[in-house]
Amino acid sequence: PVIFSTIQETQNFDPLLDSLRILRTLFKYATPGTLYNFLKETSQIQDILLASLSHEYSRVVGTGLSVTGSFMNTLQNQDGSFNTQYKSIVPSLYDAILSKLNKVDMDQEVKSFSIIASADMVSSCHTVLTSDQTTKIVSVFVSRLTHELTRETALKGLTLIALNETSDSRQ
């Protein structure tokens, strides 16, 4: 509730950014399928992530994308497979990430974070994404490879997908 209340703050975005960074750290170091179980808080976490991804301030959106990518990685079982108990939140997060990934007239940092967040989603949730959803993401990656400013990040995203890595050291 305290973290969600920072979403409503309109005068100063620092508390919101700090809250998102705390969530990212929590998700980044959560070992899939073991110590942390976010099922009870999934709805609240989803609300926070969706609110940050639709925020007017690009720095909040970029940080929200980074947190969302880290959260995707926590939705796995210990063996690295997707925990289907979280299946219901994937469509709304997919739509929010894809809307940022498809935009071309936005902050460069947001573009980069949207590429990595979508790669995290495909890598972690590929078993619940349709082939059409995965194809849409990959086709944007192909387009991003043709642009000098997004080429390196697109390669990193494709590498994450190809490796389907489950290490907690992912960025």
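Leaving aside its neighbours within four places in sequence, which residues is Leu 158 in contact with? Keep that question in mind while we walk through this predicted model, and we will come back to it near the end.

Let's start with the overall plan. The protein has eight helices and zero strands, so reading along the sequence gives the pattern α-α-α-α-α-α-α-α. The chain has 171 residues, and 48% of them count as buried. On the outside, the accessible surface comes to about 8,700 Å², with 52% of that belonging to carbon and sulfur atoms. Contacts also link distant parts of the sequence: among contacts with a separation of 6 or more, 68% are between residues 24 or more positions apart.

Because this is a prediction, it helps to ask how confident the predictor was. The mean pLDDT of the protein is 85, and 86% of the residues reach 70 or more. Confidence is lowest in helix H1, residues 2-7, where the mean is 66. It is highest in helix H5, residues 90-102, with a mean of 95. Take care at residues 165-171 as well: pLDDT stays under 50 there, although the model has 17 contacts beyond four places in sequence for this stretch.

Now let's step inside. In soluble globular proteins, nonpolar side chains tend to be buried together. Here, the largest nonpolar core has 44 residues, and those with the most contacts inside it are Phe 71, Met 121 and Cys 125. Helices H2 (14-28), H3 (42-53), H4 (58-74), H5, H6 (108-125) and H7 (131-145) each supply at least two residues of this core. The largest share, eight residues, comes from H6.

Try finding Phe 71 in the structure. Not counting residues up to four places away in sequence, Phe 71 touches Phe 27, Phe 38, Ile 45, Leu 49, Ile 89 and Leu 93.

One of those partners, Ile 89, is worth a visit too. Ile 89 sits in the loop between H4 and H5. Is this residue buried or exposed? Its relative accessible area is 3%, under the 20% cut-off, so Ile 89 is buried. Beyond its neighbours within four places in sequence, Ile 89 is in contact with Thr 42, Gln 46, Phe 71 and Leu 75. The C-alpha atoms of Ile 89 and Ser 43 are separated by 8.0 Å, with their positions 46 residues apart along the chain.

Next, look at H4 as a whole. Of its 17 residues, 15 are buried, so H4 is largely enclosed by the rest of the structure. You can check its length yourself: at 1.5 Å a residue, H4 should span 24 Å, and its end C-alpha atoms are 25 Å apart, which agrees. Helix H4 also holds Asn 73. With a relative accessible area of 14%, Asn 73 is buried, and its side chain makes a polar contact of 2.9 Å with the side chain of Ser 124.

Helix H6 passes the length check as well: its 18 residues should span 26 Å at 1.5 Å a residue, and the end C-alpha atoms are 25 Å apart, which agrees. H6 is mostly covered, with 15 of its 18 residues buried. At the start of H6, a side-chain oxygen of Asp 107 reaches to within 3.0 Å of the backbone nitrogen of Glu 109.

Finally, we arrive at helix H8, residues 148-163, the place of Leu 158. Thr 150 lies in H8 too. Thr 150 has 3% relative accessibility and counts as buried. Not counting residues up to four places away in sequence, Thr 150 touches Gln 108, Lys 111, Ile 115 and Arg 144. Leu 158, in contrast, has 25% relative accessibility and counts as partly exposed.

So here is the answer to our opening question: leaving aside its neighbours within four places in sequence, Leu 158 is in contact with Phe 141 and Leu 145. You can also look for Ser 118, which is 40 residues away from Leu 158 along the chain, with 9.9 Å between the two C-alpha atoms.

How values were computed:
Residues numbered from 1 in each chain as written. Predicted model: local features only at pLDDT ≥ 70, side-chain atom pairs only at ≥ 80, totals over all residues. Heavy atoms only, no water. pLDDT = per-residue confidence, 0-100. Helix = DSSP H or I, 4+ residues; strand = E, 2+ residues; numbered from the N terminus. Contact = heavy atoms within 4.5 Å. Core = buried A, V, L, I, M, F, W, Y, C linked by side-chain atoms within 4.5 Å. Buried < 20%, exposed > 50% of the residue type's maximum accessible area, 1.4 Å probe, protein only. Expected span 1.5 Å × (residues − 1). Polar contact = N/O pair within 3.5 Å; in protein donor to acceptor, adjacent residues only side chain to side chain. Areas by Shrake-Rupley, 256 points an atom, 1.4 Å probe, with all protein chains shown as cover.
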